[in-house]
Amino acid sequence: MNRAALVQAEDLAKIFDVSAPWLNRVLERKPRQLLHAVDGVSFSIERGRTLALVGESGCGKSTVARLLVGLYEPTRGGMHFDGQDAHAAFKRPEGRKLRRRIQMIFQDPYASLNPRWLVRDIVGEPLREHEILQEGPALRARVGELLQSVGLSPLDMAKYPHQFSGGQRQRISIARALATQPDFLVCDEPTSALDVSVQAQVLNIMKDLQRERGLTYLFISHNLAVVRHVADQVGVMYLGRLVEVADKARLFEAPQHPYTRMLLEAIPKMKHTGEARTPVQGEVPNPLNPPTGCTFHPRCPHANARCKAERPPLQMLRGVQVACHAVEENRI
Ligand SMILES: Nc1ncnc2c1ncn2[C@@H]1O[C@H](COP(=O)(O)OP(=O)(O)O)[C@@H](O)[C@H]1O
Ligand code: SF4
Ligand SMILES: [Mg+2]
């Protein structure tokens with residue numbers, strides 16, 4: 001076990017039963033359908049560091065997020081948080097203590113903030129809920145501090161969410177997530193709904209908060225350009241599995257997995273203006289009917305017979321963790 005790790009996911013898996021109702025299945029002779037949204041994901045995050053998860057839509061990023069904060073029970077595997085089995089703890093009464101320490105920020109601040117509540121109540125709710133403070137002057141003062149910590153004014157507590165811009169609303173979500181003084185924040189595409197100029201402001205606030213409070217982040221994004229700003233380590237997901245995990249600098253300089261290479265080639269090249277970027281080729285396959293062997297093989301320029309038959313394990317190759325036969329065989 002990695003001693004410095006605050007968060008350690010081990011073989012995390014979530015299978016959804018998406019079968020038609022029983023009667024339809026019997027009448028129409030349809031088989032049960034199981035969707036492997038997350039299928040054996042392991043990683044660790046050191047205290048005070050950021051692991052970013054990237055991958056196209058549908059590859060299982062949000063499901064990992066929901067597993068980590070205890071919104072989903074894993075079908076297999078689990079998570080250790082600060083040395084304890086988190087999913088076992090979530091079920092016990094002491095689980096509340098753990099839930100305080102792990103908070104989530106969602107993509108859409110419009111949907112995640114109750115429009116009929118004052119900001120005071122939105123940010124103060126976790127304090128009341130976890131019985132940290134009762135309604136009263138101390139709670140107000142604490143809400144004011146939380147708003148200031150994300151660059152808003154304490155006076156903003158008397159307003160409603162619709163009175164703020166998208167970026168300000170996401171700051172309110174962050175203030176709310178910080179209310180219980182968590183050590184781990186799971187951020188699921190926190191800036192994807194925002195304009196590019198506003199994204200940078202919110203990302204900078206998140207980085208400052210991390211530095212000041214020693215926060216540990218799992219940061220989810222489909223956008224590698226955003227990941228470049230925030231991550232220490234990057235995990236690339238494809239159809240429910242990690243296909244590459246590497247330090248950020250290493251991943252951007254020398255991507256190994258053909259999927260990572262494809263994603264990187266699709267980023268607009270700032271330095272070489274005019275140079276055409278290569279759009280991501282092909283589409284993510286249907287997760288209900290995944291390809292055999294390496295699930296990336298239908299889109300991979302290096303696929304061969306072994307790739308179609310045999311699933312490559314995630315293993316240490318060339319100093320990074322990567323799941324690819326061609327890398328193992330030194331063909332690429
Ligand atoms: N509650 C659910 N029930 C059934 N299928 C789900 C559920 N949540 C997610 N999925 C499916 O699991 C896969 C992964 O989804 P998700 O974790 O949301 O991916 P991402 O966040 O990377 O876009 C998708 O195929 C999605 O349709
Ligand atoms: S295992 Fe084969 S198909 Fe999969 S990424 Fe590597 S080369 Fe491509
Ligand atoms: Mg998602």
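Which residue in the turn of the hairpin formed by strand 4 and strand 5 has a positive phi? That residue is Asp-82, with a phi of about 50°, and the hairpin has 2 residues between its two strands.

Before we look further, a word on the model. This is a predicted model, in which local features need pLDDT of at least 70 and side-chain atom pairs count only at pLDDT 80 or more, while totals for chains, interfaces and linings use all residues. Residues are numbered from 1 along each chain as its sequence is written, chains are lettered from A and ligands numbered from 1 in the order in which they are written, and side-chain values use heavy atoms, with hydrogens and water left out.

Helices (H or I, at least four residues) and strands (E, at least two) are DSSP runs, numbered from the N terminus. Two strands pair if DSSP finds at least two bridges between them. Strands of a sheet pair through backbone hydrogen bonds, either parallel or antiparallel.

**The four-strand sheet**

Let us start with the sheet that holds our hairpin. It is an open sheet of 4 strands in the order 2-1-4-5, with antiparallel pairing. Strand 2 and strand 5 are at the edges with a single partner strand each, so one side of each has no neighbour in the sheet. Helix 2 packs on this sheet and touches strand 1, strand 2 and strand 4, and its direction makes about 65° with that of strand 2. Here, contact means heavy atoms within 4.5 Å. Axes are lines fitted to C-alpha atoms (for helices, over the stretch in contact), and angles run from 0 to 180 degrees between N-to-C directions.

Now follow the pairs. Strand 1 and strand 2 are joined by 10 bridges in the antiparallel sense, and Gln-8 has Ser-44 of strand 2 as its bridge partner. Strand 1 (residues 5-17) also pairs with strand 4 (residues 76-81), antiparallel again, over 5 bridges. Along that pairing, Glu-10 is partnered by Gly-78 and Ala-13 by Arg-76. Strand 4 is joined to strand 5 (residues 84-85) by 2 bridges, and Phe-81 stands opposite Gln-84.

**The eight-strand sheet**

There is also an open sheet of 8 strands, ordered 6-7-8-3-9-10-12-11, with mixed pairing. Its edge strands are strand 6 (102-105) and strand 11 (315-317), each pairing on one side only. On average, neighbouring strands here are turned by 20° against each other, direction ignored.

Within this sheet, strand 3 (residues 50-54) and strand 8 (residues 216-221) pair in the parallel sense over 5 bridges, with Leu-51 opposite Leu-218. Helix 9 (residues 196-213) packs on the sheet, touching strand 3, strand 7 and strand 8, and its direction makes about 160° with that of strand 8. Helix 2 lies across strand 3, strand 6, strand 7 (184-188), strand 8 and strand 9 (233-238), at about 155° to strand 8.

**Around ligand 1**

Helix 2 turns up once more here. A residue is near a molecule or strand if one of its heavy atoms lies within 4 Å of it. By this rule 14 residues surround ligand 1, and the closest are Gly-58, Gly-60, Lys-61, Ser-62 and Thr-63. Strand 2 (34-46) and helix 2 (61-68) each supply at least two residues of the shell, and helix 2 gives the most, with 3 residues.

The table lists polar contacts, each a pair of N or O atoms within 3.5 Å.

| Residue | Atom of the residue | Atom of ligand 1 | Distance |
|---|---|---|---|
| Gly-58 | polar backbone atom | oxygen | 2.6 Å |
| Cys-59 | polar backbone atom | oxygen | 3.2 Å |
| Gly-60 | polar backbone atom | oxygen | 3.1 Å |

The protein covers 66% of the 560 Å² of accessible area that ligand 1 has on its own, by the Shrake-Rupley method with a 1.4 Å probe.

How values were computed:
Polar contact = N/O pair within 3.5 Å; in protein donor to acceptor, adjacent residues only side chain to side chain.
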